[in-house]
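User: Hi! I am new to protein structures and would like to go through one with you. Could we take it step by step?

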Amino acid sequence: RMAQAKAQNNTRRKARFAHFTAKSDVRRTLMSAPLSKKLRTQYNVRSMPVRKDDEVTVTRGHYKGRTGKITSVYRKKWIINIERLHREKANGVVAPIGFNASKVEITKLKLDKDRKGILARKNKNAAAEKDKGKHTEESLV
């Protein structure tokens, strides 16, 4: 018998358990943010995992519309910190505000070799056009 992939379990309890006990590499992909309209048309990619020096715009909540550069991605707490977006506590200490990665929009990507590779892999149109015009065995028969 052929080995079959185990059906994915969709109970709320197990999904939440998997989410909150996810390892750091899994959290990276779960902490993705949508790209701005301009970047989306440029790269044909809808979302990317957030990174330290990306520039983002807050899309939800009290700070909606504010922009800034990501200063830290805190995977353990599921939050990102954005420069200039902080609050003063009662004792005078300035504390950074944590934002959910899905509630921000990436407006400028920090590109390096790995990130360019991810964009090339995720680009749907480039993959379709790569094989365009090539003959397959089915088309020749």
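User: Are Arg115 and Asp54 buried or exposed?

Analyst: Good place to start, and keep in mind that this is a predicted model. A residue counts as buried when its relative accessible area is under 20%. By that cut-off, Arg115 and Asp54 are both buried.

User: How far apart are the closest N and O atoms of Arg115 and Asp54?

Analyst: These two side chains form a salt bridge. The pair links distant parts of the chain, with Arg115 in helix α4 and Asp54 in the loop between β2 and β3, 61 residues apart. Across that link, the closest N and O atoms are separated by 2.8 Å.

User: Which residue forms a salt bridge with Arg51?

Analyst: Look for a partner whose closest N–O distance to Arg51 is 3.4 Å. This pair also links distant parts of the chain: Arg51 is in the loop between β2 (47–49) and β3 (55–58), and its partner sits 61 residues away in the loop between β7 and α4. The partner is Asp112.

User: Why does Asp112 count as partly exposed?

Analyst: Partly exposed is the range between the buried cut-off, under 20%, and the exposed one, over 50%. Asp112 falls in that range because its relative accessibility is 26%. Its partner Arg51 is partly exposed too, with a relative accessibility of 26%.

User: How many salt bridges does the structure hold?

Analyst: We have met Arg115 with Asp54 and Arg51 with Asp112. Arg84 and Glu83 also meet in a salt bridge, at 3.1 Å from N to O. Here Arg84 counts as exposed at 54% relative accessibility, while Glu83 is partly exposed at 29%. The total for the structure is three.

User: Which side chain of opposite charge is nearest to Arg27?

Analyst: Arg27 lies in helix α2 (residues 24–30). Arg27 is buried yet has no salt bridge. Leaving aside neighbours within four places in sequence, its contacts include Phe20, Arg75, Lys76 and Trp78. The nearest side chain of opposite charge is 8.4 Å away, and it belongs to Asp25.

User: Why does Leu109 count as buried?

Analyst: Leu109 is found in the loop between β7 (104–108) and α4 (113–122). Beyond its neighbours within four places in sequence, Leu109 is in contact with residues including Leu35, Leu39, Tyr43 and Leu119. Buried means under 20% relative accessible area. Leu109 meets that cut-off because its relative accessibility is 11%.

User: What distance separates the C-alpha atoms of Leu109 and Leu39?

Analyst: Along the chain, these two residues are 70 residues apart. They are nonetheless in contact in the model. Their C-alpha atoms are separated by 8.6 Å.

User: How many helices and strands does the protein have?

Analyst: You can count them by reading along the sequence, where the pattern is α-α-β-α-β-β-β-β-β-β-α-α-α. Each α stands for a helix and each β for a strand. The answer is six helices and seven strands.

User: What is the radius of gyration of the protein?

Analyst: For comparison, a compact globule of 141 residues would have a value near 14 Å. Along its principal axes, the C-alpha trace spans about 75 × 40 × 25 Å. The protein's own radius of gyration is 20 Å.

User: What percentage of the residues is buried?

Analyst: The protein exposes about 11,100 Å², with carbon and sulfur atoms supplying 51% of that area. Arg115, Asp54 and Leu109 are among its buried residues. Of the 141 residues, the buried share is 26%.

Methods:
Residues are numbered from 1 along each chain as its sequence is written. This is a predicted model: local features need pLDDT of at least 70, side-chain atom pairs count only at pLDDT 80 or more; totals for chains, interfaces and linings use all residues. Side-chain values use heavy atoms; hydrogens and water are left out. Helices (H or I, at least four residues) and strands (E, at least two) are DSSP runs, numbered from the N terminus. The radius of gyration is taken over C-alpha atoms; the globule rule is 2.2 Å times the number of residues to the power 0.38. Buried means under 20% relative accessible area, exposed over 50%, partly exposed in between (1.4 Å probe, protein chains only). Accessible areas come from the Shrake-Rupley method with a 1.4 Å probe; for residues, only the protein chains shown count as cover. Lys and Arg count as positive and Asp and Glu as negative; His and the chain ends are not counted. A salt bridge is a side-chain nitrogen of Lys or Arg within 4 Å of a carboxyl oxygen of Asp or Glu. Contact means heavy atoms within 4.5 Å.
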